[in-house]
Amino acid sequence: ALQDMGMNRFDEGDYEGAFEYWTKAAELGDAHAHFLLSVMYHGGIGVEKDEKKTLYHLEEAAIGGHDFARYYLGAIEYENGNHERAVKHFIIAAKLGDDDSLDALKGGFKVGLVSKEDFAAALRAHQAAVDATKSPQRAVAEAARKN
């Protein structure tokens, strides 16, 4: 609920209000709230830009299971030349079902940064994560949304 209230404030342009709600949600362990705070700090949206706080909230979100935060940490590590750490982040995110991480691992496999075994294991885990989100009810809801 706190995260939703923060999103409402953010959408209204009340960045201070969004920050307050997301901070409360993050303090209660909300991984997505940590991710949203990282976005604010990264872009200087309603707060002063702060890369240390950006990374802190990304790490907290990733630890909390936020797949895109984990992917983003991998991208940062890759850009910094820490390819081994980047691959570890991408593998974890792919296992959570993140498509971008799977694509990054595919690229890493092509250039020799990812072993065949690691890529195959990540691919299987990614598919299992994606399959776990499928249900007849979701298919009906998706079809209704498209119409």
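**Helix packing and aromatic contacts in an all-helix chain**

At a relative accessibility of 12%, Phe 35 counts as buried, since the cut-off for burial is under 20% relative accessible area. This value, like the others reported here, was computed from a predicted model. Phe 35 takes part in the contact between helix 3 and helix 4 and in a cluster of aromatic rings; both are described below, after the overall architecture.

The chain contains nine helices and zero strands. Read from the N terminus, the order of elements is α-α-α-α-α-α-α-α-α. Along the principal axes, the C-alpha atoms occupy a box of roughly 45 × 45 × 25 Å. Of the 147 residues, 31% are classed as buried. Among contacts between residues at least 6 apart in sequence, 34% connect residues at least 24 apart.

Two helix pairs were examined. Two packed helices are described by the angle between their axes and the distance between the axes. For helix 1 (residues 2–11) and helix 2 (residues 15–27), the axes come within 7 Å and cross at roughly 165°. Angles over 145 degrees count as roughly antiparallel, and helix 1 and helix 2 are therefore assigned to that class. The crossing of helix 1 with helix 2 is left-handed. On the helix 1 side, the contact is made by Leu 2, Gln 3, Met 5, Gly 6, Met 7, Arg 9 and Phe 10. The residues they meet in helix 2 are Tyr 15, Gly 17, Ala 18, Tyr 21, Trp 22, Lys 24 and Ala 25. By residue class, this contact between helix 1 and helix 2 comprises nine nonpolar, three polar and two charged residues.

Gln 3, one of the helix 1 residues in this contact, has a relative accessible area of 19% and is therefore classed as buried. When residues up to four places away in sequence are not counted, Gln 3 touches Trp 22, Ala 25, Asp 30, His 32, Ala 33 and Leu 36. Among these, Trp 22 and Ala 25 belong to the helix 2 side of the contact.

Helix 3 (residues 31–43) and helix 4 (residues 51–63) pack with their axes 8 Å apart, at an angle of about 160°. Helix 3 and helix 4 are therefore also roughly antiparallel to each other, and their crossing is left-handed. Helix 3 contributes Ala 31, His 34, Phe 35, Leu 37, Ser 38, Tyr 41 and His 42 to the contact. Helix 4 contributes Glu 51, Lys 53, Thr 54, Tyr 56, His 57, Leu 58, Glu 60 and Ala 61. The residues of the contact of helix 3 with helix 4 comprise seven nonpolar, five polar and three charged.

Ring geometry was then considered. Counting rings whose centres lie within 6.5 Å gives eight aromatic pairs. In one of them, formed by Phe 35 and Phe 68, the ring centres are 5.7 Å apart and the planes lie at 85°, so the pair is edge-to-face. This pair links distant parts of the chain, with Phe 35 in helix 3 and Phe 68 in helix 5 (residues 67–79), 33 residues apart. The two partners fall into separate accessibility classes: Phe 35 is buried at 12%, whereas Phe 68, at 31% relative accessibility, counts as partly exposed. Ring pairs further join Phe 35 and Phe 68 with Tyr 71, Tyr 72 and Phe 90 into a cluster. Phe 35 thus appears both in this cluster and in the contact of helix 3 with helix 4.

Notes. Residues are numbered from 1 along each chain as its sequence is written. This is a predicted model: local features need pLDDT of at least 70, side-chain atom pairs count only at pLDDT 80 or more; totals for chains, interfaces and linings use all residues. Side-chain values use heavy atoms; hydrogens and water are left out. Axes are lines fitted to C-alpha atoms, for helices over the stretch in contact, and angles run from 0 to 180 degrees between N-to-C directions. Helices (H or I, at least four residues) and strands (E, at least two) are DSSP runs, numbered from the N terminus. Angles under 35 degrees count as roughly parallel, over 145 as roughly antiparallel, 65 to 115 as roughly perpendicular and the rest as oblique. A crossing is left-handed if the near helix is turned anticlockwise from the far one by less than a right angle, and right-handed if clockwise. Contact means heavy atoms within 4.5 Å. Ala, Val, Leu, Ile, Met, Phe, Trp, Tyr, Cys and Pro count as nonpolar, Asp, Glu, Lys and Arg as charged, and the others, Gly among them, as polar. Rings of Phe, Tyr and Trp (its six-membered ring) pair if their centres lie within 6.5 Å; planes under 30 degrees apart count as stacked, over 60 as edge-to-face and the rest as tilted. Buried means under 20% relative accessible area, exposed over 50%, partly exposed in between (1.4 Å probe, protein chains only).
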